[in-house]
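User: I would like to go through the labels used for this protein and ask what stands behind each one.

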Amino acid sequence: MGNLLVHVGIDDFDSHTGGCTTHLAVKIAWELTGRKARLVDYPNLVRLNPAVPWKTRGNGAVALRLETERAARDILDMIEVMAEDYAREFDNPKHQPAIVVLEGGIPEYLRRIGTRAVGDLIPLQVVERVIEKSGALAKSVKGRRGLVGATAAIGVDLLEGDFTYEAILYRVRENIGRPRLVDAESVKEAELGSKGALFLNYDHDTGRLLATPRGPDPILMGIRGESPEPIVTALKSIRVFEEVEAVVLFRTNQHTDMHLQEVESVCEAYPYRCVRVRGIITRAPQRIQGGHVVFSVSDGHCSIDVAAYEPTKEFRDVVSELVAGDEVEVMGCVRPGSATHPPTLNLEKLRVVRLTEVYRFENPLCPRCGARMTSAGYGKGFKCPKCGYRTTELGKVKIRIERSIAPGLYQPPKHAFKHLMKPVERFSIPPKKFDYRLVDPFIKPPSGAP
């Protein structure tokens with residue numbers, strides 16, 4: 001038998017006790033490459049719909065793409081026990097972890113399902129039909145919901161368009177849950193020295209380290225960048241002061257806005273869907289309890305509430321400058337409504353398309369002495385408080401207000417970014433292309449690690 005192309009999709013192995021889908025994927029990659037399988041791509045970290053209600057943390061699934069002499073059934077048999085043991089060790093009663101293995105090329109219908117799953121809600125029944133039609137093999141550790149993410153990860157092959165990279169450093173088991181020992185200044189210096197090749201690892205406005213997660217998971221740190229080379233270079237200067245189990249480079253759809261589906265009507269912005277849509281502001285922004293800012297957008301057929309939440313900080317101040325009549329493009333995911341609140345789009349970015357003119361009306365100036373006149377009473381015109389001049393011929397003066405906001409693209413501060421949100425700074429990055437080739441995703445740990 002010659003070499004076969006085999007795709008392994010993995011999802012829903014995260015837990016609040018130290019489990020992580022990427023961590024299991026690394027262990028599976030070690031096992032398979034130790035048995036003469038060859039990775040033909042970096043492990044693909046595919047961030048799926050951030051609006052699904054049952055996600056954990058970043059809702060990431062992983063695909064491994066290998067050349068091997070073993071058929072899909074043999075591959076599934078090899079990793080099935082590993083997956084069950086991992087799910088048992090890091091149990092999460094709310095999750096339904098699963099593995100899908102596909103042999104050969106990726107059918108176009110599977111690609112479409114994968115792309116949809118990044119920004120929409122896909123019924124399990126649809127995915128089960130796709131698995132059956134494609135001939136893929138599936139293993140559910142418990143429940144079957146994880147099949148959606150595992151199948152989608154295979155379908156999102158990221159061969160062209162926009163994709164990024166992340167080197168993930170994993171902690172040893174005994175350090176999970178302890179404070180992370182990473183030198184923030186070295187991360188800051190590495191990102192500044194990369195001249196834009198690294199991004200969202202450090203918030204230079206607030207001095208906050210973004211590369212380290214805060215939960216009790218096995219990830220010590222993730223360094224994000226546009227290509228492998230600057231990430232590998234940066235890791236040589238970044239200092240960590242705890243033992244590192246492994247450093248693995250992933251290719252990913254992180255920070256690409258892949259989840260945002262451009263729709264023509266606000267009517268298409270339904271719950272659990274992530275969209276970008278244009279409309280006119282029909283209800284001016286209001287700050288509500290909790291510090292959130294809410295406004296309404298309509299396209300003349302449907303309207304939806306839009307919210308900039310308190311963690312976005314100064315972004316809310318930009319939003320507050322909008323008025324009814326402004327034309328905007330709003331981007332984000334739709335939260336379902338409740339008994340007290342309608343469906344709401346959680347605002348991730350804002351494009352101001354066109355500003356309406358805003359005016360204020362003031363009493364006229366006295367034609368004799370130039371002082372500002374006051375009302376002489378209902379229907380009696382104006383009187384001058386300085387010289388006593390009265391008139392019923394003058395009316396209020398219309399004065400155009402200079403807006404403090406301009407057309408353009410606005411985003412929250414870096415510390416408020418979620419995994420898929422694309423920073424404005426990346427909008428100028430040209431489309432990329434990736435060809436299957438021999439890769440080594442395993443990197444030497446950075447300096448300072450014991």
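**What stands behind the labels**

User: Why is Asp305 called buried?
Analyst: Asp305 has a relative accessibility of 16%, and buried means under 20%, so Asp305 counts as buried. The model is a predicted one, and the values discussed here are computed from it.

User: Where does Asp305 lie?
Analyst: Asp305 is in strand 16, residues 303-308. Strand 16 is mostly covered, with 5 of its 6 residues buried.

User: What makes the link between the side chains of Asp305 and Ser296 a polar contact?
Analyst: The two side chains approach to 2.8 Å. A polar contact requires N or O atoms within 3.5 Å, one able to donate a hydrogen and the other to accept it, so the pair at 2.8 Å falls inside the distance limit.

User: Which residues is Asp305 in contact with, leaving aside its neighbours within four places in sequence?
Analyst: Besides Ser296, the list holds Arg283, Val294, Phe295, Pro342, Pro343, Thr344 and Leu345. Thr344 is also the bridge partner of Asp305 in strand 18.

User: How do you know that strand 16 pairs with strand 15 and with strand 18?
Analyst: Pairing takes at least two bridges between two strands. Strand 15 (residues 293-298) and strand 16 have 6 bridges, in the antiparallel sense. Strand 16 and strand 18 (residues 344-354) have 3 bridges, in the parallel sense. Both counts therefore meet the requirement. One of the bridges to strand 15 joins Ser298 to Ser303.

User: What is noted about Gly300 in the hairpin of strand 15 and strand 16?
Analyst: The hairpin has 4 residues between its strands, and Gly300 takes a positive phi near 95°.

User: What makes strand 12 mostly covered?
Analyst: In strand 12 (244-252), 8 of the 9 residues are buried.

User: Which strands pair with strand 12, and in what sense?
Analyst: Strand 8 (164-171) pairs with strand 12 in the antiparallel sense over 8 bridges. Strand 3 (residues 44-47) pairs with strand 12 in the parallel sense over 2 bridges. Since two bridges are enough, the pairing with strand 3 still qualifies. On the strand 8 side, Arg171 is bridged to Val244; on the strand 3 side, Asn44 is bridged to Arg251.

User: Which residues of helix 7 are buried, and what covers them?
Analyst: In helix 7 (residues 228-235), Pro228, Pro230, Ile231, Ala234 and Leu235 are buried. Their cover includes strand 8, strand 12, strand 11 (219-225) and helix 6 (184-193).

User: How are helix 1 and helix 2 packed?
Analyst: Helix 1 (residues 21-33) and helix 2 (residues 72-89) pack at about 145°, with axes 11 Å apart. The crossing is right-handed. Helix 1 contributes His23, Leu24, Lys27, Ile28, Glu31 and Leu32, which meet Ile75, Met78, Ile79, Met82, Ala83 and Tyr86 of helix 2. By class, the contact has 9 nonpolar, 1 polar and 2 charged residues.

User: How do helix 3 and helix 5 pack?
Analyst: Helix 3 (residues 108-119) and helix 5 (residues 146-155) pack at about 115°, with axes 7 Å apart. Their crossing is left-handed. Leu110, Arg111, Gly114 and Ala117 of helix 3 meet Thr151, Ala152, Ile154 and Gly155 of helix 5. The contact divides into 4 nonpolar, 3 polar and 1 charged residue. Gly counts as polar, which means that Gly114 and Gly155 fall in the polar class.

User: Which strands are the edges of the open sheet with the order 20-21-22, and what makes them edges?
Analyst: Strand 20 (374-375) and strand 22 (390-391) are the edge strands, as each pairs on one side only. The sheet has 3 strands with antiparallel pairing. Strand 20 and strand 21 (residues 382-383) pair over 2 bridges, and Thr374 has Lys383 as its bridge partner.

User: What describes the protein as a whole?
Analyst: The protein has 8 helices and 25 strands. Its C-alpha trace spans about 100 × 50 × 40 Å along the principal axes. Of the 450 residues, 52% are buried. Among contacts between residues at least 6 apart in sequence, 73% join residues at least 24 apart.

Technical notes: Residues numbered from 1 in each chain as written. Predicted model: local features only at pLDDT ≥ 70, side-chain atom pairs only at ≥ 80, totals over all residues. Heavy atoms only, no water. Axes fitted to C-alpha atoms, helices over the stretch in contact; angles between N-to-C directions. Left-handed = near helix turned anticlockwise from the far one by under 90°. Contact = heavy atoms within 4.5 Å. Buried < 20%, exposed > 50% of the residue type's maximum accessible area, 1.4 Å probe, protein only.
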